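User: I would like to go through this model step by step, with short reasoned answers. Please start from the whole chain and then move to single residues.

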Amino acid sequence: MNASPLIAALACALVATAASAQHRAVDIIRDCVPCHGEEGIAKDSEVPHLAGQNERYLYNQLKAFHTGKRGHKEMKVMSRRMTEEEMEAIAIYYASLPPR
């Protein structure tokens with residue numbers, strides 16, 4: 001995986017978010033890549049594509065995983081330490097990617 005295009009796209013998408021959330025979101029998104037793909041397009045048919053999804057929808061799903069309202073073992077682990085700002089930054093990033 002070449003992380004530089006990912007980081008460049010993320011930096012453009014996160015202009016309005018706090019710097020610390022941006023930095024952490026880059027790390028979190030790198031952790032998302034194995035399942036959801038570098039460009040937000042999953043290779044596994046049972047994993048959702050995130051590219052181009054509605055920003056508020058993505059945020060709400062991350063929040064639901066974070067609070068345990070939506071059950072999914074891996075997503076609960078992935079989201080457990082995310083802050084509100086990080087969830088928002090991740091939602092902004094994936095919503096900014098072109099859907100396929």
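User: What percentage of the residues in the protein chain is buried?
Analyst: The model is a predicted one. A residue counts as buried when its relative accessible area is under 20%. Among the 100 residues of the protein chain, the buried share is 39%.

User: How many helices and how many strands does the protein chain have, and in what pattern?
Analyst: The chain contains five helices and zero strands. Read along the sequence, the pattern is therefore written with helices alone: α-α-α-α-α.

User: What share of the contacts with a separation of 6 or more joins residues 24 or more positions apart?
Analyst: A contact here needs heavy atoms within 4.5 Å. Of the contacts in the protein chain with a separation of 6 or more, those between residues 24 or more positions apart account for 61%.

User: What distance separates the end C-alpha atoms of helix α3, and what span is expected?
Analyst: Helix α3 covers residues 55-67, which is 13 residues. The expected span is 1.5 Å times one less than the number of residues, so α3 should span 18 Å. The end C-alpha atoms agree with this, being apart by 18 Å.

User: Which residue caps the N-terminal end of α3, and which residue follows the helix?
Analyst: At the N-terminal end, a side-chain oxygen of asparagine 54 lies 2.9 Å from the backbone nitrogen of arginine 56. After the helix comes a residue with a positive phi, near 90 degrees. The cap is asparagine 54, and the residue that follows α3 is glycine 68.

User: Against which helices do the buried residues of α3 pack?
Analyst: The buried residues of α3 are Leu58, Tyr59, Gln61, Leu62, Ala64 and Phe65. Their packing partners are α4 (73-79) and α5 (84-96).

User: Which helix gives the most residues to the largest nonpolar core?
Analyst: This core has 20 residues, and those with the most contacts inside it are Leu62, Met82, Ile90 and Tyr94. At least two core residues come from each of α2 (19-36), α3 and α5. With six residues, the helix that gives the most is α5.

User: Which residues of α5 are buried, and what is the distance between its end C-alpha atoms?
Analyst: The buried residues of α5 are Glu86, Met87, Glu88, Ala89, Ile90, Ala91, Ile92, Tyr93 and Tyr94. For its 13 residues at 1.5 Å a residue, the helix should span 18 Å. The distance between the end C-alpha atoms agrees, at 18 Å.

User: Which residues does isoleucine 90 contact, leaving aside its neighbours within four places in sequence?
Analyst: Isoleucine 90 is among the residues with the most contacts inside the largest nonpolar core. Leaving aside neighbours within four places in sequence, its contacts are Ala25, Ile28, Ile29, Leu62 and Met82.

User: Is cysteine 32 buried or exposed, and how far in space is its C-alpha from that of isoleucine 90?
Analyst: Cysteine 32 is found in helix α2. Its relative accessibility is 11%, so it counts as buried. Beyond neighbours within four places in sequence, cysteine 32 contacts Gly37, Met78 and Tyr94. Isoleucine 90 is 58 residues away in sequence, and the C-alpha to C-alpha distance is 9.9 Å.

User: Which backbone oxygen lies 2.8 Å from a polar side-chain atom of serine 79?
Analyst: Serine 79 belongs to helix α4 and is buried, because its relative accessible area is 0%. Apart from neighbours within four places in sequence, serine 79 touches Leu62, Phe65 and His66. The backbone oxygen 2.8 Å from its polar side-chain atom is that of methionine 75.

User: Where is glutamine 53, and which residues does it contact, leaving aside its neighbours within four places in sequence?
Analyst: Glutamine 53 sits in the loop between α2 and α3. Its relative accessible area is 32%, so it is partly exposed. Leaving aside neighbours within four places in sequence, glutamine 53 is in contact with Leu58, Tyr94 and Ala95.

User: What is the volume of the largest pocket, and which residues are closest to its centre?
Analyst: The space in the largest pocket is about 540 Å³. The pocket is lined by 24 residues, and the elements giving two or more of them are α2, α3, α4 and α5. Closest to the centre are His36, Pro48, Leu50, Phe65 and Met75.

How values were computed:
Residues are numbered from 1 along each chain as its sequence is written. This is a predicted model: local features need pLDDT of at least 70, side-chain atom pairs count only at pLDDT 80 or more; totals for chains, interfaces and linings use all residues. Side-chain values use heavy atoms; hydrogens and water are left out. Helices (H or I, at least four residues) and strands (E, at least two) are DSSP runs, numbered from the N terminus. Buried means under 20% relative accessible area, exposed over 50%, partly exposed in between (1.4 Å probe, protein chains only). A polar contact is a pair of N or O atoms within 3.5 Å; within protein, one must be able to donate a hydrogen and the other to accept it, and residues adjacent in sequence count only if both atoms are side-chain atoms. A nonpolar core is a set of buried Ala, Val, Leu, Ile, Met, Phe, Trp, Tyr and Cys residues joined through side-chain atoms within 4.5 Å. On a 1 Å grid over the protein atoms alone, a cavity is a set of points where a 1.4 Å probe fits but cannot get out, and a pocket is an open set with protein on both sides within 12 Å along at least five of seven lines; lining residues have an atom within 4 Å of a point. Grid points are joined across faces, edges and corners, and a volume is the space filled by probe spheres set on the points.
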